[in-house]
Amino acid sequence: MPTHSEKTTGTPVSPPGSILERSPDETVAFRSVVEAALGYRFHDPSLLLTAFTHPSYVFQNPAATHNQRLEFLGDAVLGLLLADYVYRNFPDCQEGVLTTLRAQIASGAHLASVATRLGFGPYLLLDKGAKMTGGNANAHNLADLVESVLAAIWLDGGLNAVNEVFLRLFGDDLKSLDAAPPWKTNPRGFLQTIAQRSFACEPLYADLDCKGPDSSPVFTVSVTLGDWSGTGSGHTKREARANAAAALLNRLPPELLRIGSNL
């Protein structure tokens, strides 16, 4: 088993043996590495062991307990911690922006990257088939693992304990959150993605007005999607349409914005 120094310096860890077959010393070493990475020591080690047990492992080891129930709870725990963080730290943002901020951290791809950074993948217990097909590096499995670990800490130490670990593991990512709307650089493309995926159509743009001299005209355009509409102006039709799309996006509910964000 790797030592603490091997883990913290980024030396690759070796896949452990079965938790059920591991000797007491090996179990202690496993806990030591993982708990050092988390900065938390479990009162009930069985919760940590369950968090690292994939459902496939139980097929060949019926006495084991897999992590699906913990993953279910961990999804809610992470959602609560993230919602509380963005609510407190972005007081000027409305619900739609808060939702997209939360989704930046809670996405499966991001959670998998956290598990990879911590070196947790090789410790995830899977059956032989899942191991052979790269299950220890599978993004879905790793995302579930992070949520399971958070749930295990919630059950073991309560809200304050899991919040401390959450801030420790996600601190740098939380500090880099951008409150700018996700469509800032390309509102028309963002709106089109939502239209195609949720409405199976294109946004309907209409030219409303053109004022000013020929050398510096101001165009006004409207756009409609379902029950929502927006109006925008600009010195080119392209700019006016982008501003109209942004105006419409500001009115959309969070669930549609998530679709546009691909999260």
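In helix α10, the buried residues (under 20% relative accessible area, 1.4 Å probe, protein chains only) are Ala161, Val162, Val165, Phe166, Leu169, Phe170, Gly171 and Leu174. The model is predicted: local features need pLDDT of at least 70, side-chain atom pairs count only at pLDDT 80 or more, and totals for chains, interfaces and linings use all residues. Residues are numbered from 1 along each chain as its sequence is written, and side-chain values use heavy atoms, without hydrogens and water.

Helix α10 spans residues 159–175. The helix bends by about 55° at Leu169 (the angle between axes fitted to the seven residues ending there and the seven starting there). Leu169 is also buried. The end C-alpha atoms of this 17-residue helix are only 21 Å apart. A straight helix would reach 24 Å (1.5 Å times one less than its number of residues).

The protein has 13 helices and three strands (DSSP runs of H or I, at least four residues, and of E, at least two, numbered from the N terminus). Of its 263 residues, 47% are buried. Among contacts (heavy atoms within 4.5 Å) between residues at least 6 apart in sequence, 59% join residues at least 24 apart.

The largest pocket (an open set of points on a 1 Å grid over the protein atoms alone, where a 1.4 Å probe fits, with protein on both sides within 12 Å along at least five of seven lines) is lined by 17 residues. Lining residues have an atom within 4 Å of a point. Nearest the pocket centre lie Asp75, Ala103, Ala106, Ser107 and Glu147. Helices α5 (68–89), α6 (95–106), α7 (108–118) and α9 (139–157) each give two or more residues to this lining.

Methods. Buried < 20%, exposed > 50% of the residue type's maximum accessible area, 1.4 Å probe, protein only.
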